[in-house]
Amino acid sequence: MSDCPFRWRYKDNPQDESEDEANRMWNRVIEAHIHLDDGDVWPVDACNFVICAGPESGHVATLAGIGVTPTGELSMPLPVAPRKRYVYCVHAPEGPGLACPLVVDPTGAYFRREGYGGHYLCGMSPDESEEPAVDNLEVDHDFFLDRVWPIIAKRASAFENLKVMHKWTDFF
Ligand SMILES: Cc1cc2nc3c(=O)[nH]c(=O)nc-3n(C[C@H](O)[C@H](O)[C@H](O)COP(=O)(O)OP(=O)(O)OC[C@H]3O[C@@H](n4cnc5c(N)ncnc54)[C@H](O)[C@@H]3O)c2cc1C
């Protein structure tokens, strides 16, 4: 069984590259291969498949032949790619308090209360030019210091006194 996890409706061995491309332009996937951890591969036949690979959906769509040809009904790529975002949990003893709503600044910086002990979650999306690499799950602490903190402290001066307790990241 080939490495490609999908098979199309057209014949497996097109005569040349242009026939292969024409086939992909107009044909849908009819078989998907489920690769199990133990190395076993299960083929599944269906007339329709739904791509639900979360942030990897764009990549899976490419494997399925979507967006790989210049023309045809499947020529439009699926515009879904992973984006790394950081979340910071801060303790601010003089913070906005129990009535603190979810606040989203026009810059995209946000904060909300987390529990009842003076903790708040906050974060923001980076500019396109500073989009972090998606090959690791490291949290950029400087991004909080340089970008998030000044904005939330301007919104609520009680955030001038805070300590970052936890921080995490994932792909959205
Ligand atoms: C840190 C974090 C916190 C969040 N908190 C909240 C929250 O509080 N409330 C809320 O409503 N939403 C929250 N979300 C968003 C929520 O998790 C997502 O919207 C939701 O999980 C999307 O579901 P999905 O099924 O589309 O994708 P996913 O849950 O991402 O599932 C995709 C699946 O596809 C699999 N996959 C990927 N690539 C391949 C491949 N090549 N082959 C086979 N399988 C593949 C993955 O392993 C995964 O199991 C949060 C997300 C993150 C990252």
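## Around the ligand

In this predicted model, the shell of residues around the ligand is made up of four nonpolar residues, one polar residue and two charged residues. The residues in question are Cys 52, Ala 53, Gly 54, Glu 56, Val 60, Asp 170 and Phe 172. Of these, Glu 56 and Asp 170 count as charged and Gly 54 counts as polar.

## Helix α3

Helix α3 covers residues 141-155, and because each of its 15 residues is counted at 1.5 Å, the helix should span 21 Å, which agrees with the 20 Å that separates its end C-alpha atoms. The helix also has a kink of about 45° at Val 148, a position that comes shortly before the proline Pro 150.

Which residues of α3 are buried? They are Phe 144, Arg 147, Val 148 and Ile 152, so Val 148 is both a buried residue and the place of the kink. An α-helix has 3.6 residues a turn, so residues three or four places apart point the same way. The buried residues of α3 are covered by elements that include the strands β4 (84-91), β6 (110-113), β7 (119-123) and β8 (163-171).

## The sheet

Five strands form an open sheet, in which the order is β5-β6-β7-β4-β8 and the pairing is antiparallel. The edges of this sheet are β5 (103-104) and β8, each of which pairs on one side only. Strands of a sheet pair through backbone hydrogen bonds, either parallel or antiparallel.

At the β5 edge, β5 and β6 pair in the antiparallel sense over two bridges, and Val 103 has Phe 111 in β6 as its bridge partner.

Methods:
Residues are numbered from 1 along each chain as its sequence is written. This is a predicted model: local features need pLDDT of at least 70, side-chain atom pairs count only at pLDDT 80 or more; totals for chains, interfaces and linings use all residues. A residue is near a molecule or strand if its C-beta atom, placed from the backbone, lies within 6 Å of it. Helices (H or I, at least four residues) and strands (E, at least two) are DSSP runs, numbered from the N terminus. The expected span of a helix is 1.5 Å times one less than its number of residues. The bend at a residue is the angle between axes fitted to the seven residues ending there and the seven starting there. A residue is buried if 20 or more other C-beta atoms lie within 10 Å of its own, exposed if 12 or fewer, and partly exposed in between; C-beta atoms are placed from the backbone. Two residues are in contact if their C-beta atoms, placed from the backbone, lie within 7 Å. Two strands pair if DSSP finds at least two bridges between them.
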